[in-house]
Amino acid sequence: MENSIEKKFTKSIVFVSVFVPVAVILLFSIRLKDYGIHVTPLNFLPPIYATINGITAVLLVAAVMAIKNGNRKLHERLMTSAIACSLVFLLMYIAYHMTAEETKFGGEGAIRYLYFFILITHIALSVVIIPLVLFSYVRALSEQFDRHRKIAKIAFPLWLYVAVTGVIVYLMIAPYYAK
């Protein structure tokens with residue numbers, strides 16, 4: 001029974017895990033103004049979606065604490081909220097990049113290398129966590145808790161890293177945003 005639930009969602013998870021990164025790459029390169037759609041750049045979004053990344057990190061830590069304290073229902077609510085935050089982040093991130101000009105990091109020297117290291121690992125792991133989070137979530141919903149724990153032990157630190165580095169990337173590039 002439990003495996004049938006996971007099998008039911010496997011194709012969808014694989015599709016989403018491929019579709020989201022490809023869509024983000026494609027949408028990242030689209031500027032609405034280039035297609036005659038004149039909208040005001042959504043320059044107010046980066047601090048909001050950086051805050052959402054921070055909230056996601058807090059939710060993840062709280063969710064782990066909840067499950068360690070035996071509160072499965074709270075854990076489930078917190079994890080569902082973390083997924084919802086990640087979706088809201090993604091929508092805002094795409095909306096911002098479709099309406100605003102690209103912001104170049106202006107730091108020099110060691111800070112520049114640090115910024116790009118954090119940015120590249122953040123982006124790469126944000127792709128990796130999509131299937132990990134989705135499979136982990138489906139396994140929990142289908143009450144395959146041993147299999148859920150195995151994947152969650154990998155997904156949690158990676159997702160936490162992505163959430164925290166999202167905030168760090170924002171803080172590092174914020175001084176270079178167009179005013």
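Visitor: How many charged residues are in the lining of the second largest pocket, by class?
Guide: This is a predicted model, where local features need pLDDT of at least 70, side-chain atom pairs count only at pLDDT 80 or more, and totals for chains, interfaces and linings use all residues. Residues are numbered from 1 along each chain as its sequence is written, and side-chain values use heavy atoms, without hydrogens and water. The lining has 14 nonpolar residues (Ala, Val, Leu, Ile, Met, Phe, Trp, Tyr, Cys and Pro), while 3 are polar and 6 are charged (Asp, Glu, Lys and Arg).

Visitor: Which residues lie closest to the centre of the second largest pocket?
Guide: A pocket is an open set of points on a 1 Å grid over the protein atoms alone, where a 1.4 Å probe fits, with protein on both sides within 12 Å along at least five of seven lines; lining residues have an atom within 4 Å of a point. The second largest pocket holds about 620 Å³ of space. Of its 23 lining residues, those closest to the centre are Ile 67, His 75, Met 79, His 148 and Ala 152.

Visitor: Which helix gives the most to that second lining?
Guide: Helices here are DSSP runs (H or I, at least four residues), numbered from the N terminus. H2, H3, H4 and H5 each give two or more residues to the lining of the second largest pocket. With 8 residues, the top contributor is H5.

Visitor: And which helix gives the most to the lining of the largest pocket?
Guide: That pocket has a volume of about 1400 Å³, and 49 residues line it. By class, 36 of them are nonpolar, 9 polar and 4 charged. Supplying 15 residues, the leading helix is H4.

Methods:
Grid points are joined across faces, edges and corners, and a volume is the space filled by probe spheres set on the points.
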